[in-house]
Amino acid sequence: DRFNVGLNVAALRESFQAVAPRADYLADRFYSQLFLDFPEQIVRFSDTDFADQQQKLIGALSAIVRQLDDETALVRFLTRMGERHAEFDLTDADYKAVSVTLVKVLAEVAGGELWNDTYETAWTEAMQPISDVMSRSGQAMVAAAASPSNELKSNHREPSLVGAAVENASDSANGTHGSTAVTDATAYPGTHNHSVGDAPDSENE
């Protein structure tokens, strides 16, 4: 099945564009709400620099939304994020916690006058395949590492579930290193912190 069939791309982009001017606040609220609703997640972030971590979250969301209509680039980006999170042994419950929290905080930041059932449904439905791709790629990485002929690389990564930022921004179409506030629903520039994850390399806008 194609990844992006059935996704409401217009609703996802419209809603993300609406909250983008408050991107820093969105990221701050995401982690606060995640730890409030799912306190078991706190241990995964015990050594995390949250100023940096919040930029990674914004970068990942921007990259995902930007590529919603480019299935190949999007799946590649999500696959790499999943592989980079493989060492953290994430479960379906971990991905579910992130998905639920993200939708909840998007609704909060957007506000009742803007947020609607269409946006709620669009994000809820989108997070399932996003989580599935990341989870499967992470599991594949672990399985490969367990084979006698392979060894999992153990470079330290911050446990940033759905928080991998774009690493090689110069390879992306815009390569912007500016404000984290994103105002163009068709561009979504990356953030100025590109330390985890891989930039999509097939965008030719």
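**Exercises: a pocket and some salt bridges**

Helix H5 (92-110) and helix H6 (117-146) each give at least two residues to the lining of the second largest pocket. Helices here are DSSP runs (H or I, at least four residues), numbered from the N terminus. This is a predicted model, where local features need pLDDT of at least 70, side-chain atom pairs count only at pLDDT 80 or more, and totals for chains, interfaces and linings use all residues. Residues are numbered from 1 along each chain as its sequence is written, and side-chain values use heavy atoms, leaving out hydrogens and water.

**Exercise 1.** Find which parts of the chain the salt bridge of Arg29 and Glu108 links.

*Solution.*
- Step 1: Recall the term: a side-chain nitrogen of Lys or Arg lies within 4 Å of a carboxyl oxygen of Asp or Glu.
- Step 2: Check the pair: the side chains of Arg29 and Glu108 meet at 2.7 Å, N to O.
- Step 3: Locate both: Arg29 is in helix H2 (residues 23-37) and Glu108 in helix H5, 79 residues apart.

**Exercise 2.** Decide whether Asp52 and Lys56 are buried or exposed.

*Solution.*
- Step 1: Use the cut-offs: buried is under 20% relative accessible area, exposed over 50%, and partly exposed in between (1.4 Å probe, protein chains only).
- Step 2: Asp52 has 13%, so Asp52 is buried.
- Step 3: Lys56 has 3%, so Lys56 is buried too.
- Step 4: Now add their link: these side chains form a salt bridge (2.9 Å, N to O), with both residues in helix H3, four residues apart, about one turn of the helix.
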